[in-house]
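Visitor: Please pick one part of this protein and take me through it closely. Then follow its neighbours outward, step by step.

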Amino acid sequence: MKGEQTPPSVRVPLDQGRSGSNRADGRRPKIDITTPHVARMYDYYLGGKDNYRSDRDAAEEVIAKFPEARQLALVNRHFLRRAVATLAGQMGIAQFLDLGSGFPTQENVHQVAQRINPAARVAYVDLEDVVLAHGQALLATDERTIMVQGDIREPRTILSSRDLQAHLNFDEPIAVLLIFVLHFIKDEEQPQEIIRDLMQEMPPGSCLVISHATPRDDLMQGVKAYDNASSPVSLRTEPVIRAFFDGLELVEPGLVPLALWRPGWPQSELPSKDLKLPALCGLGRKPA
């Protein structure tokens with residue numbers, strides 16, 4: 001929008017990323033502030049400041065039709081933290097690959113995992129230039145966490161990245177995180193094939209974590225705002241989401257609403273509004 005500038009947190013020299021450049025092709029990023037972007041809209045729902053007027057306007061359009069949008073984003077973030085804590089603690093996973101990560105802020109994967117295991121290594125992957133620039137600047141002093149550019153629709157290209165190959169050990173288990181990202185992949189882009197390609201390259205003992213929005217009338221009306229954003233939304237039913245875990249062992253409690261996945265409080269005390277939010281989540285483990 002006119003008069004709007006890059007947020008202070010991303011006004012950084014473009015050579016500050018440890019990998020030497022912010023873009024996969026080494027060119028300076030071009031930031032489109034006029035088209036709403038899903039990562040920046042999500043940042044707005046979470047109360048962040050890395051967004052522009054176009055993102056805020058589109059997010060408010062969603063909220064007008066689906067008032068629980070902010071609550072859904074927050075409950076999803078809480079699920080992410082619980083899943084990472086479970087992986088790093090009880091399951092002993094020390095490597096994390098977060099695809100379509102968005103901004104690596106607000107108590108994210110590397111902070112949760114490294115608090116439990118200081119040696120944990122995290123790779124964030126996102127396509128948008130402003131997310132990449134922000135993430136690389138933020139993580140410039142963290143040798144165990146990197147941010148690289150990649151398109152989830154091209155999993156083999158991501159996995160062959162030199163930075164990723166150097167950072168993660170593909171002979172040891174890796175947790176692949178797809179947190180509120182698959183519903184931005186259209187059916188014709190074959191999300192199940194994307195997951196199959198990803199997990200095929202992971203060693204036994206690796207895990208897949210998914211959260212995904214599901215159809216509900218108010219949400220279906222709200223997500224129409226994404227038709228004019230960087231990616232439209234494809235809501236999916238429980239059987240379709242469950243099929244994403246084909247070939248994996250679902251870890252208890254299985255595929256459940258966000259608030260029901262190993263909650264940090266007794267089930268009887270779960271807020272009823274959180275239980276009814278239209279999204280499912282699960283964690284699957286690749287068998288030996």
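**A helix and its neighbours**

Guide: Start with helix α2. Its buried residues pack against three helices: α1 (38-45), α3 (69-88) and α9 (217-222). Helices and strands here are DSSP runs, numbered from the N terminus: H or I over at least four residues for a helix, E over at least two for a strand. Contact means heavy atoms within 4.5 Å.

Before we go on, note that this is a predicted model, in which local features need pLDDT of at least 70 and side-chain atom pairs count only at pLDDT 80 or more, while totals for chains, interfaces and linings use all residues. Residues are numbered from 1 along each chain as its sequence is written, and side-chain values use heavy atoms, with hydrogens and water left out.

Back to α2, which covers residues 53-65. Check its length. The expected span of a helix is 1.5 Å times one less than its number of residues. For the 13 residues of α2 that gives 18 Å, and the end C-alpha atoms are 19 Å apart, so the two agree.

Which residues of α2 are buried? They are Ser-54, Asp-55, Ala-58, Ala-59, Val-62 and Ile-63. Buried means under 20% relative accessible area, exposed over 50%, and partly exposed in between, with a 1.4 Å probe and protein chains only. Look at the spacing of those numbers. An α-helix has 3.6 residues a turn, so residues three or four places apart point the same way.

Now step across to α1. Seven of its eight residues are buried, so this helix is mostly covered. They are Val-38, Ala-39, Arg-40, Met-41, Asp-43, Tyr-44 and Tyr-45. They pack against α2, α3 and α5 (129-138). After α1 comes Gly-47, with a positive phi near 85°.

Stay with Tyr-45. Leave out residues up to four places away in sequence, and Tyr-45 touches Ala-59, Val-62, Ile-63, Ala-69, Arg-70, Ala-73 and Tyr-226. Ala-59, Val-62 and Ile-63 are among the buried residues of α2.

Tyr-45 also leads to the largest nonpolar core. Such a core is a set of buried Ala, Val, Leu, Ile, Met, Phe, Trp, Tyr and Cys residues joined through side-chain atoms within 4.5 Å. The largest one has 60 residues, and those with the most contacts inside it are Tyr-45, Leu-87, Phe-96, Leu-177 and Tyr-226. Helix α3 gives the most to this core, with ten residues. Another core, of 31 residues, lies apart from it and includes Leu-99, Leu-178, Ile-194 and Ile-241.

Next, the open space. The largest pocket has a volume of about 860 Å³. A pocket is an open set of points on a 1 Å grid over the protein atoms alone, with protein on both sides within 12 Å along at least five of seven lines; lining residues have an atom within 4 Å of a point. The volume is the space filled by probe spheres set on the points, which are joined across faces, edges and corners.

What sits closest to the pocket's centre? Of the 50 lining residues, the closest are Val-38, Ala-39, Gly-100, Phe-180 and Phe-184. Val-38 and Ala-39 are two of the buried residues of α1. Helices α1 and α3 and strand β2 (121-126) each supply at least two residues of the lining.

Look at Phe-180 too. It lies in the loop between β4 (175-179) and α8 (191-200). Its phi is near 50°, a positive value in a residue other than glycine. With a relative accessible area of 11%, Phe-180 is buried.

Helix α3 offers one more lead. Its residue range, 69-88, takes in Phe-79, whose C-alpha atom is 7.0 Å from that of Trp-261, although 182 residues separate them along the chain. Trp-261 is in the loop between β7 (256-257) and α11 (272-275). At 0% relative accessibility, Trp-261 counts as buried. Its contacts beyond four places in sequence include Phe-79, Arg-82, Ala-83 and Thr-86, along with Glu-252 and Pro-253. A cis peptide bond joins Glu-252 and Pro-253, with omega about 15°.

Finally, step back. The protein has eleven helices and eight strands. Buried residues make up 53% of its 288 residues. Among contacts between residues at least 6 apart in sequence, 71% join residues at least 24 apart.

Note on methods: On a 1 Å grid over the protein atoms alone, a cavity is a set of points where a 1.4 Å probe fits but cannot get out, and a pocket is an open set with protein on both sides within 12 Å along at least five of seven lines; lining residues have an atom within 4 Å of a point.
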